[in-house]
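Work through the exercises below with the sequence and the structure in view. Each task is followed by a solution in steps.

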Amino acid sequence: MPKLPIRVAPIMLAAQAAMAAREHWGLLKPAERTELARILRTSAGRPSNLTAAEKRELRRLVAKLELPRLGRNLAPMASKRRGRR
């Protein structure tokens with residue numbers, strides 16, 4: 001891969017990361033995305049704000065996002081960027 005100007009490389013890496021995240025977000029059906037967003041808003045970052053049923057649903061939906069696979073997809077992008085300052 002040819003070296004890119006310093007200002008373009010971070011933008012391209014961010015775009016690649018966004019595309020990978022979008023792919024995983026697409027694993028959820030539209031109704032599931034809406035429900036996940038509702039649960040996250042309700043929680044306001046505090047699990048104690050959720051009912052037991054909401055916590056179970058949150059775990060189910062997050063598991064469906066396959067976050068470990070997303071991390072493996074993003075790792076090579078992060079390692080390319082590391083050390084370039």
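The exercises below concern a predicted model.

**Exercise 1. Describe the overall make-up of the protein chain.**

Step 1. Begin with the secondary structure: the protein chain has four helices and zero strands. Read from the N terminus, the order is α-α-α-α.

Step 2. Turn to burial. Of the 85 residues, 18% count as buried.

Step 3. Look at the surface, where the chain exposes about 6,600 Å². Carbon and sulfur atoms supply 62% of that area.

Step 4. Check the contacts between residues with a separation of 6 or more: 61% of them join residues 24 or more positions apart.

**Exercise 2. Compare the expected span of helix α2 with the distance between its ends.**

Step 1. Helix α2 covers residues 30-43, which is 14 residues. The expected span is 1.5 Å times one less than the number of residues.

Step 2. This gives 20 Å, and the end C-alpha atoms are 20 Å apart, so the two values agree.

Step 3. Just after α2, alanine 44 has a positive phi of about 50°.

**Exercise 3. Find which residues of α2 are buried and how they are arranged.**

Step 1. Buried means under 20% relative accessible area. In α2, Glu32, Leu36, Ile39 and Ser43 are buried.

Step 2. Viewed down the helix axis, these buried residues fall within an arc of 65°, so they line one face of α2.

Step 3. That set of buried residues packs against α1 (8-25) and α3 (52-64).

Step 4. On the other side of α2, the exposed residues are Pro30, Ala31, Thr34 and Arg41.

**Exercise 4. Trace the salt bridges that involve arginine 60, and contrast them with a pair inside α2.**

Step 1. The structure holds seven salt bridges. In one of them, arginine 60 pairs with glutamate 32, with the closest N and O atoms 3.4 Å apart. This pair links distant parts of the chain, since arginine 60 is in helix α3 and glutamate 32 in helix α2, 28 residues apart.

Step 2. Compare the accessibility of the two partners. Glutamate 32 is buried, with a relative accessible area of 10%, while arginine 60 is partly exposed at 38%.

Step 3. Arginine 60 also meets glutamate 57 in a salt bridge (2.8 Å, N to O). Both residues lie in α3, three residues apart, about one turn of the helix.

Step 4. Put the pairs together: Glu32, Glu57, Arg60 and Lys64 are linked in a network of salt bridges.

Step 5. Within α2, glutamate 35 and arginine 38 form a salt bridge at 2.8 Å, N to O. Because these residues are three apart in α2, about one helical turn separates them.

Note on methods: Residues are numbered from 1 along each chain as its sequence is written. This is a predicted model: local features need pLDDT of at least 70, side-chain atom pairs count only at pLDDT 80 or more; totals for chains, interfaces and linings use all residues. Side-chain values use heavy atoms; hydrogens and water are left out. Helices (H or I, at least four residues) and strands (E, at least two) are DSSP runs, numbered from the N terminus. Buried means under 20% relative accessible area, exposed over 50%, partly exposed in between (1.4 Å probe, protein chains only). Contact means heavy atoms within 4.5 Å. Accessible areas come from the Shrake-Rupley method with a 1.4 Å probe; for residues, only the protein chains shown count as cover. The arc is that of the directions from the helix axis to the C-beta atoms. A salt bridge is a side-chain nitrogen of Lys or Arg within 4 Å of a carboxyl oxygen of Asp or Glu.
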